[in-house]
Amino acid sequence: MNNHDLKLYFIMGSANVHKRPPLEVLEEALQSGITMFQFREKGPDALTGQAYEIFAQSCQKLCKQYHIPFIVNDDIELALKLGADGIHIGQDDFPVAVIREKIGDMLLGVSVHTKDEVHTALQYAADYVGIGPIFATTSKSDAKPPSGTEFLQQVRSEHPDLPIVAIGGIDESNAQLVFKAGAHGIAVISAICESVNIKDTVLTLTSIQPS
Ligand SMILES: Cc1ncsc1CCOP(=O)(O)O
Ligand SMILES: C=C1C=NC(C)=NC1=N
Ligand SMILES: [Mg+2]
């Protein structure tokens, strides 16, 4: 993984798309130039059992066609079963220590909300950290309050070489602020899932520079 892989990190589950089939949204986002994808199938209406696995495999197949890393959120067993490119976990989901031994050299992304959590992520060689929610979000029911870019700026200045992706309420209107604050990339759900023109949205978000 290089820092550019984090530039526009699309996250999606079936619950996040309403107007069109999820796989159509993912394929259009891939064609338009997202740089990483996270399969995050959560919530009361999430698929389960075989339908869940088949949906994940279909997303993974599309990512392979476009040579884009396929990351699984939280579900380590699924990630191992599919041979995913990586997993993303919260520290309340699992002790990061346990994970690294289970996944070997698979990419490991870790959500961090405090400096201690950053140190834990570093101890277990996380490939990147996720910081957020930066702005208010409706895509994660148990999200912590929005933190703005303060913590993001602190982490970037204290760990200049640690890849950071920011998440939470990010869209074309505020993405530049997030890059200026030091994020290497932005992770988005609704900005793409609810876009009326995915191509325009992806092109706009991938063209944003910190300067
Ligand atoms: C998974 C997650 N973690 C922190 S905020 C969030 C949801 C981001 O969704 P959106 O980009 O629609 O605000
Ligand atoms: C909570 C999250 C934070 N950051 C990222 C990249 N993914 C997540 N699911
Ligand atoms: Mg989690």
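The following paragraphs describe the two largest pockets of a predicted model and the surroundings of ligand 2.

Because the model is predicted, local features need pLDDT of at least 70 and side-chain atom pairs count only at pLDDT 80 or more, while totals for chains, interfaces and linings use all residues. Residues are numbered from 1 along each chain as its sequence is written, chains are lettered from A and ligands numbered from 1 in the order in which they are written, and side-chain values use heavy atoms, with hydrogens and water left out.

Pockets were located on a 1 Å grid over the protein atoms alone, as open sets of points where a 1.4 Å probe fits, with protein on both sides within 12 Å along at least five of seven lines; lining residues have an atom within 4 Å of a point. The largest pocket has a volume of about 710 Å³, where volume is the space filled by probe spheres set on the points, which are joined across faces, edges and corners. Its lining comprises 39 residues, and R40, S111, G132, K140 and I167 lie nearest the centre. At least two lining residues come from each of β1 (8-12), β4 (86-89), β5 (107-112), β6 (128-131), β7 (164-167), β8 (185-188) and α8 (190-193), with helices (H or I, at least four residues) and strands (E, at least two) taken as DSSP runs numbered from the N terminus. The largest contribution, three residues, is that of β6. The lining divides into 15 nonpolar, 14 polar and 10 charged residues; Ala, Val, Leu, Ile, Met, Phe, Trp, Tyr, Cys and Pro count as nonpolar, Asp, Glu, Lys and Arg as charged, and the others, Gly among them, as polar.

Ligand 2 sits in the largest pocket, in that more than half of its atoms lie within 2 Å of the grid points. Around ligand 2 are Y9, I11, Q38, N73, H88, S111, G130, V165 and I167, each with a heavy atom within 4 Å. This shell holds four nonpolar, five polar and no charged residues, and β1 and β7 each supply at least two of its members. Polar side-chain atoms of Q38 and N73 lie 3.0 Å and 3.2 Å, respectively, from a nitrogen atom of ligand 2. For H88 the corresponding distance is 3.4 Å. Taken alone, ligand 2 exposes 270 Å², of which the protein buries 91% (Shrake-Rupley method, 1.4 Å probe).

The second largest pocket contains about 370 Å³ of space. It is lined by 17 residues, with A15, N16, R40, K42 and S139 nearest its centre. Three of the lining residues are nonpolar, eight polar and six charged.

Conventions. A polar contact is a pair of N or O atoms within 3.5 Å; within protein, one must be able to donate a hydrogen and the other to accept it, and residues adjacent in sequence count only if both atoms are side-chain atoms.
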